[in-house]
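I opened my notebook to record what I looked up. I went through one topic at a time.

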Amino acid sequence: MPDTETVALRFRDVGHTFRTRGGADVQALSRVDLEIRRHEFVAVVGPSGCGKSTLLRLVAGLIRPTEGSVELFGRAITEPPDGVGIVFQKPTLLPWLSVLDNVLFPIRHKYGRPGDDHKAAAHDLIAMVGLEGFEDRMPEELSGGMQQRAAIARALLLDPDILLMDEPFSALDALTREEMGFELQGIWNRRPKTVLFITHSVNEAVLLSDRIFVMSARPGTIVETLDVGLPRPRSVDTTVLPEMHEMAAYLRSRLLKRDDAA
Amino acid sequence: MTAAKPSGPARWLTDSRVFLPVVAFVAIIAVWEAGVRMFEIPSFLLPAPSRIVGGFGDVTVLRWIEHVWATLRVALLGYFFSIVVSVPIAVALARSELMSRMLYPILVVIQSTPVVAVAPIIIVVLGAGDTPRVVITFLITFFPIVVSTTTGMMATPPELVELSRSLRAPVAREITQIRLPYAVPYIFSALKISITLAVIGAVVAEFVAAEKGIGYFIQFSTSFFKVPQAFAGLFVLAALSISLFQIVALVQRLFFAWSLPRDTG
């Protein structure tokens, strides 16, 4: 059963200011306070350049907050923590490695040689993301959707508690994108993870997540948190529910209104 | 989606790619031969192709092999050292802003100095033997490898560098498992340029000081007005250069097939 009592991630009054090459200071995030419970699926939506990716990079420990603190299971993140998997917008598989070796890459990269147990885990993950039989194929032989499946398997190899997804399906065509959304939900059901899912798609956010954080334009901050009360598991049938459409419409108007004001 | 193997029109194209240059080549040879005969040009000015073929026979096969081996040895040694030295330099340049600021101007100065002009000085400094010739070859070949390898390493997708950092992997593995493999297509385009430069380097060195080698042979032949023989040397040199280039291309096809541009069709 998913554990939804523990707080997995906590942002305490987090701000992040970075310096551009030109020397100008840009405030990407300001006063972000949020809590994400363990095994919760949370989407972040907001206009372009609102610091969504900065949020994700703070959790990955790739950057440090310039104000406040980010805590993972109660401990401040000061360096890239264990137990965090990342899926990027592009699959970014290594073109010289087979699907299997790409999925095993985090082990080889972090520890050296993968053991038999890791290989077994990789095979399980490859089967789970629906790439059974493609283990020995090279990335360029796969479609964009299949490559992204392999990238998801790669992110899950070290069995992370937190899965960070930075617009993972935005480079895919509409149909594949929808299919991958349901696929991700299936994976999440079988292997409960705390998911921080960044997206531009209002429908995707509503369909996949438990809660949605709406961010403002730069400097980004959380302006609204929505509880998505839709029953799980969600399927194509969910997409015809009036609640889903109401929520999507509300979210869309919320995002558009702010764009007008800005 | 998946491109079919060349068939129909594609095969015709492949054929014509071989066929057309051959026709052009034969035509040039024929005009050359006819022209020389018609205007009775003496062979010490411009030998007819038939005389050049005869020029090959003026020297024994053993002597040819000696000369080819002398040039090949210097070219390959210089090329080898240039790879061994350039890749670590490229890693340093890509890794560190400090190293980049320190070394890059020096590399540009070395590259901008005409090697032909430096060659006599190097021969004087380093004396007889292969060493000065290898150094000259090295100087002419290393720059493209350094620049391309650095560019390739810098072109690594930032996501992969972030992935590496998020895993807290050792920096050495970031270089060997991500950045250097990413640079392979860049490295090979430099290796192809540099292998032909290596032959040029060896020949330049032989022009200045040598007692063997195709470069030496050409110079020696022309100084005795044995022009057909010099032309024969020239063709051997071109064949050597083309063969080496093809070998580098073959190594890439065999061992780094993924790094080749995808066929679009």
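My entries below cover a predicted model.

**Entry 1: the domains of chain A**

I began with how chain A is divided. Domain 1 of chain A takes in 7-83 + 161-261. Domain 2 of chain A spans 95-159. I looked up the distance between their centres, taken over C-alpha atoms, and found 25 Å. Next I checked where the two touch. Eleven residues of domain 1 of chain A are in contact with nine residues of domain 2 of chain A. Which helix gives the most to the side of domain 1 of chain A that touches domain 2 of chain A? I found helix 5 of chain A, residues 174-190, with five residues. I sorted that side of domain 1 by class and noted seven nonpolar, one polar and three charged residues.

**Entry 2: a sheet in chain A**

I turned to the strands. Strands of a sheet pair through backbone hydrogen bonds, either parallel or antiparallel. Here I found an open sheet of six strands in chain A, with mixed pairing. I wrote down the strand order as 6-7-8-3-9-10. Which strands stand at the edges? Strand 6 (84-87) and strand 10 of chain A do. Each has a single partner strand, so one side of each is left without a neighbour in the sheet. The twist averages 15° from one strand to the next.

I then followed each edge strand to its partner. Strand 6 of chain A runs parallel to strand 7 of chain A (residues 162-166), and four bridges join them. As an example, I picked V87(A), whose bridge partner in strand 7 of chain A is M165(A). At the other edge, strand 9 (residues 211-215) and strand 10 (residues 222-227) of chain A pair in the antiparallel sense over five bridges. M215(A) has I222(A) in strand 10 of chain A as its bridge partner. A hairpin of six residues joins strand 9 of chain A to strand 10 of chain A.

**Entry 3: helices 5 and 6 of chain B**

I moved to chain B. Helix 5 (residues 115-126) and helix 6 (residues 130-154) of chain B pack with their axes 9 Å apart, at an angle of about 150°. Angles over 145 degrees count as roughly antiparallel. That makes helix 5 of chain B roughly antiparallel to helix 6 of chain B. The crossing of these two helices is right-handed. I listed who meets whom. Helix 5 of chain B brings V115(B), A119(B), I122(B), I123(B) and L126(B). Helix 6 of chain B brings T131(B), P132(B), V135(B), I136(B), L139(B) and I140(B). By class, I noted ten nonpolar, one polar and no charged residues in this contact.

**Entry 4: helices 8 and 9 of chain B**

Helix 8 (residues 171-208) and helix 9 (residues 214-223) of chain B have axes that come within 7 Å and cross at roughly 45°. That makes helix 8 of chain B oblique to helix 9 of chain B. I noted a right-handed crossing here. On helix 8 of chain B, the contact uses A202(B), V203(B), E206(B) and F207(B). On helix 9 of chain B, I found I214(B), G215(B), Y216(B) and Q219(B). The classes are five nonpolar, two polar and one charged.

**Entry 5: where the chains touch**

Last, I looked up how many residues each chain gives to the contact between chain B and chain A. Chain B gives 16 residues and chain A gives 17 residues. On the chain B side, helix 7 (158-166) and helix 8 each supply at least two residues. The largest share, seven residues, comes from helix 7 of chain B. I sorted the chain B side into seven nonpolar, three polar and six charged residues.

Definitions and conventions. Residues are numbered from 1 along each chain as its sequence is written. Chains are lettered from A and ligands numbered from 1 in the order in which they are written. This is a predicted model: local features need pLDDT of at least 70, side-chain atom pairs count only at pLDDT 80 or more; totals for chains, interfaces and linings use all residues. Axes are lines fitted to C-alpha atoms, for helices over the stretch in contact, and angles run from 0 to 180 degrees between N-to-C directions. Angles under 35 degrees count as roughly parallel, over 145 as roughly antiparallel, 65 to 115 as roughly perpendicular and the rest as oblique. A crossing is left-handed if the near helix is turned anticlockwise from the far one by less than a right angle, and right-handed if clockwise. Two residues are in contact if their C-beta atoms, placed from the backbone, lie within 7 Å. Ala, Val, Leu, Ile, Met, Phe, Trp, Tyr, Cys and Pro count as nonpolar, Asp, Glu, Lys and Arg as charged, and the others, Gly among them, as polar. Domain bounds come from an automatic or database domain assignment. Two strands pair if DSSP finds at least two bridges between them.
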